[in-house]
Amino acid sequence: METIHRLLPISAADTLIFRCPRTPRFPPLPPKNPSVFPAGSPALEFRRRFSNGFRVSAGWFSVFGTRQRAVLPEIVKAGDPVLHEPAGEVPVEDIGSERIQRIIEDMISVMRKAPGVGLAAPQIGVPLKIIILEDTKEYISYAPKNELEAQDRHPFDLLVIVNPKMKKRSNKTALFFEGCLSVDGFRAVVERYLEVEVTGLGRDGRPIRVDATGWQARILQHECDHLDGMLYVDKMVPRTFRAVENLDLPLPVGCPQLGVR
Ligand SMILES: [Zn+2]
């Protein structure tokens, strides 16, 4: 896991702000694995092959079959339409299917390998409403204590949410830097609600509800945005956008300060 020491988790937030001595906070990882989606844009390829609503299809597995275990999908990068268009609902009766379960397994593997603290299915080229998130003691140990407190960041176990629906639970917001595995190498300040409620279905098809605060609420908002075809750059404070190596530089004059509003 040498990458963990170089990188920072973050699909959602850079929370990530893993500080190494002089901040390469999270140098992006170069993709190491070939895509399970044959050629060209993963999303477009996926659509070309499975444009019938992404329902379970025997062909799906006969095409990718066991290769998918050995070769993880690549993380789709900004610019691919799958990241900029709304994802579709997963039919409830399909959640237990081998195809959907495989997608979830792939998402978990991809997120942990990156490493990141959240991932949405469109980020592996699958335009379906599935998000996962996880924050660990280890990831958190890389961040300074005062930052963790300001961000209200705590470890939590893996969450898989199918067809999530989010509601804010208060109007309180906070501004912090975020990054995204699909926008490698950059960060920007994004204002997010401090308390949200997310309902949806677990990977077993049962209803679940998550009442989240602080950093977990931020990750949930970031991942749910992916399902609406939104990246953090669509919501950022524009003048705070920066290369990761400049993360510690001061905010430009006139930008809102980080923290709870
Ligand atoms: Zn993201």
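The expected span of a helix is 1.5 Å times one less than its number of residues. In this predicted model, helix H8 has 14 residues and reaches 21 Å from its first C-alpha to its last, close to the 20 Å expected on that basis. The points below turn from the helices to the nonpolar cores, then to a cavity, and finally to individual backbone positions.

**Helices H8 and H5**

- Because 14 of the 14 residues of H8 are buried, this helix is largely enclosed by the rest of the structure, and just after H8 comes glycine 229, which takes a positive phi of about 75°.
- Helix H5, with 16 residues, should span 22 Å at 1.5 Å a residue, and this agrees with the 22 Å that separates its end C-alpha atoms.
- The buried residues of H5 include the nonpolar Ile100, Ile103, Ile104, Met107, Ile108, Val110 and Met111, but Arg99, Gln101, Arg102 and Asp106 are also buried.

**Nonpolar cores**

- In soluble globular proteins, nonpolar side chains tend to be buried together.
- The largest nonpolar core holds 23 residues, of which Ile103, Met107, Leu119 and Ile130 touch the most other members; helix H5 (98-113), strand E2 (130-135) and strand E3 (156-168) are the elements that give two or more residues to this core, and the largest share, seven residues, comes from H5.
- Leaving aside residues up to four places away in sequence, isoleucine 130 touches Val90, Ile100, Ile103, Ile104, Met107, Leu119, Ala120, Ala121, Ile161, Val162 and Leu227.
- Another core, of 22 residues, lies apart from the largest one, and among its members are Phe156, Ala174, Phe176 and Leu220.

**The second largest cavity**

- The count comes to two cavities of 30 Å³ or more, and the second largest cavity has a volume of about 40 Å³.
- Its lining consists of Gln151, Ala174, Phe176, Arg192, Tyr193, Leu194, Gly214, Trp215 and Arg218, which divide into five nonpolar, two polar and two charged residues.
- Strand E4 (173-178), strand E5 (186-193) and helix H8 (214-227) each supply at least two residues of this lining, with the largest share, three residues, coming from H8.
- Ala174 and Phe176 appear both in this lining and in the core of 22 residues.

**Two buried glycines**

- Glycine 118 lies in strand E1 (residues 118-120) and is buried, with a relative accessible area of 0%; its C-alpha atom is separated by 5.5 Å from that of isoleucine 132, although the two residues are 14 residues apart along the chain.
- Glycine 125, found in the loop between E1 and E2, is likewise buried at a relative accessible area of 0%, and its C-alpha atom is 7.7 Å from that of isoleucine 75, which is 50 residues apart from it in sequence.

**Backbone exceptions**

- Most residues other than glycine have a negative phi, and most peptide bonds are trans.
- A cis peptide bond, with omega of about -10°, joins alanine 114 and proline 115, and proline 115 lies in the loop between H5 and E1.
- Aspartate 152 has a positive phi, near 55°, and lies in the loop between helix H7 (145-151) and E3; its relative accessible area of 29% falls between the limits of 20% and 50%, so aspartate 152 is partly exposed.
- Asparagine 163 also has a positive phi, near 50°, but lies in strand E3, and because its relative accessibility of 6% is under 20%, asparagine 163 counts as buried.

Key:
Residues are numbered from 1 along each chain as its sequence is written. This is a predicted model: local features need pLDDT of at least 70, side-chain atom pairs count only at pLDDT 80 or more; totals for chains, interfaces and linings use all residues. Side-chain values use heavy atoms; hydrogens and water are left out. On a 1 Å grid over the protein atoms alone, a cavity is a set of points where a 1.4 Å probe fits but cannot get out, and a pocket is an open set with protein on both sides within 12 Å along at least five of seven lines; lining residues have an atom within 4 Å of a point. Grid points are joined across faces, edges and corners, and a volume is the space filled by probe spheres set on the points. Helices (H or I, at least four residues) and strands (E, at least two) are DSSP runs, numbered from the N terminus. A nonpolar core is a set of buried Ala, Val, Leu, Ile, Met, Phe, Trp, Tyr and Cys residues joined through side-chain atoms within 4.5 Å. Buried means under 20% relative accessible area, exposed over 50%, partly exposed in between (1.4 Å probe, protein chains only). Contact means heavy atoms within 4.5 Å.
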